[in-house]
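Let's take a walk through this structure together, beginning with the ligand and moving on to charged side chains and backbone oddities. Have the model open as you read.

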Amino acid sequence: MSTIFKKIIDKEIPAKVVYEDDVCLAFRDVNPQAPTHVLVIPKKEMRSLNEVSTQDKELLGHMLLKCGEIARSLGVAESGYRVVINTNNDGGQTVFHLHFHLLAGRPMTWPPG
Ligand code: 5GP
């Protein structure tokens with residue numbers, strides 16, 4: 001079942017895109033939890049980290065590399081950032097299309113809430 005993120009990929013609803021290529025898309029979170037809050041998503045529909053397989057290794061590695069590049073391009077790499085993947089209920093996942101949260105612009109606390 002498709003999600004709101006599929007509509008963003010298909011440009012059916014707008015998003016503030018910060019990066020796009022053939023396999024992934026990065027855009028600003030509509031409800032930011034930090035001064036910089038970007039979502040990095042695969043264009044391939046995958047519900048969560050539970051659904052990935054070894055065939056997705058290259059895609060996942062690519063997305064992580066892009067997180068670092070996006071952090072650099074947004075000027076937050078040196079100050080620091082956090083990359084989070086919420087998975088299912090206890091992980092706090094609300095949109096069931098795999099996504100990496102890239103959060104920056106303030107000190108993060110640990111443990112996470
Ligand atoms: P999750 O809770 O699943 O880890 O993260 C989903 C994220 O998607 C939330 O941070 C939420 O603010 C964001 N989000 C939900 N709907 C939209 C939308 O339509 N546009 C954008 N840009 N972000 C969205």
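What follows covers the ligand site, the salt bridges and a few unusual backbone spots.

First, some ground rules: this is a predicted model, so local features need pLDDT of at least 70, side-chain atom pairs count only at pLDDT 80 or more, and totals for chains, interfaces and linings use all residues. Residues are numbered from 1 along each chain as its sequence is written, and side-chain values use heavy atoms, with hydrogens and water left out.

Start at the ligand. The space it takes is the largest pocket. A pocket here is an open set of points on a 1 Å grid over the protein atoms alone, where a 1.4 Å probe fits, with protein on both sides within 12 Å along at least five of seven lines; the ligand sits in it if more than half of its atoms lie within 2 Å of the grid points. Around the ligand are 17 residues, and the closest are R28, D29, N86, T94 and H101. To be in that shell, a residue needs a heavy atom within 4 Å of the ligand.

Which elements supply the shell? At least two residues each come from α1 (4-9), β2 (24-28) and β3 (36-42), and α1 gives the largest share, three residues. The helices (H or I, at least four residues) and strands (E, at least two) are DSSP runs, numbered from the N terminus.

Now look at the polar contacts, meaning pairs of N or O atoms within 3.5 Å. An N or O atom in the side chain of H101 lies 2.8 Å from a ligand oxygen. The backbone joins in too: a polar backbone atom of V95 is 2.9 Å from an oxygen atom of the ligand, and a backbone N or O atom of V30 is 3.3 Å from a ligand nitrogen. Taken alone, the ligand exposes 520 Å², and the protein buries 83% of that; these areas come from the Shrake-Rupley method with a 1.4 Å probe.

On to the charges. The whole structure has five salt bridges, each a side-chain nitrogen of Lys or Arg within 4 Å of a carboxyl oxygen of Asp or Glu. One of them joins K6 and D10 at 3.4 Å, N to O. K6 is partly exposed, because its relative accessibility is 23%; the label covers values between buried (under 20% relative accessible area) and exposed (over 50%), using a 1.4 Å probe and protein chains only. D10, at 36%, is partly exposed as well.

Another salt bridge pairs K66 with E69 at 2.9 Å. Both residues lie in helix α2 (residues 57-73), three residues apart, about one turn of the helix. K66 counts as buried, since its relative accessibility is 11%, whereas E69 is partly exposed at 36%.

E20 forms a salt bridge with K11, with the closest N and O atoms 2.9 Å apart. These two, together with K43, are linked in a network of salt bridges.

K11 brings us to the backbone. Most residues other than glycine have a negative phi, and most peptide bonds are trans. K11, in the loop between α1 and β1 (17-20), has a positive phi of about 65°. N88, which lies in helix α3 (residues 88-91), also has a positive phi, about 55°. Finally, the peptide bond from W110 to P111 is cis, with omega near 5°; P111 lies in the segment after β5 (100-104).

Definitions and conventions. Polar contact = N/O pair within 3.5 Å; in protein donor to acceptor, adjacent residues only side chain to side chain. 1 Å grid on protein atoms, 1.4 Å probe; cavity = no way out; pocket = protein on both sides within 12 Å on 5 of 7 lines; lining within 4 Å.
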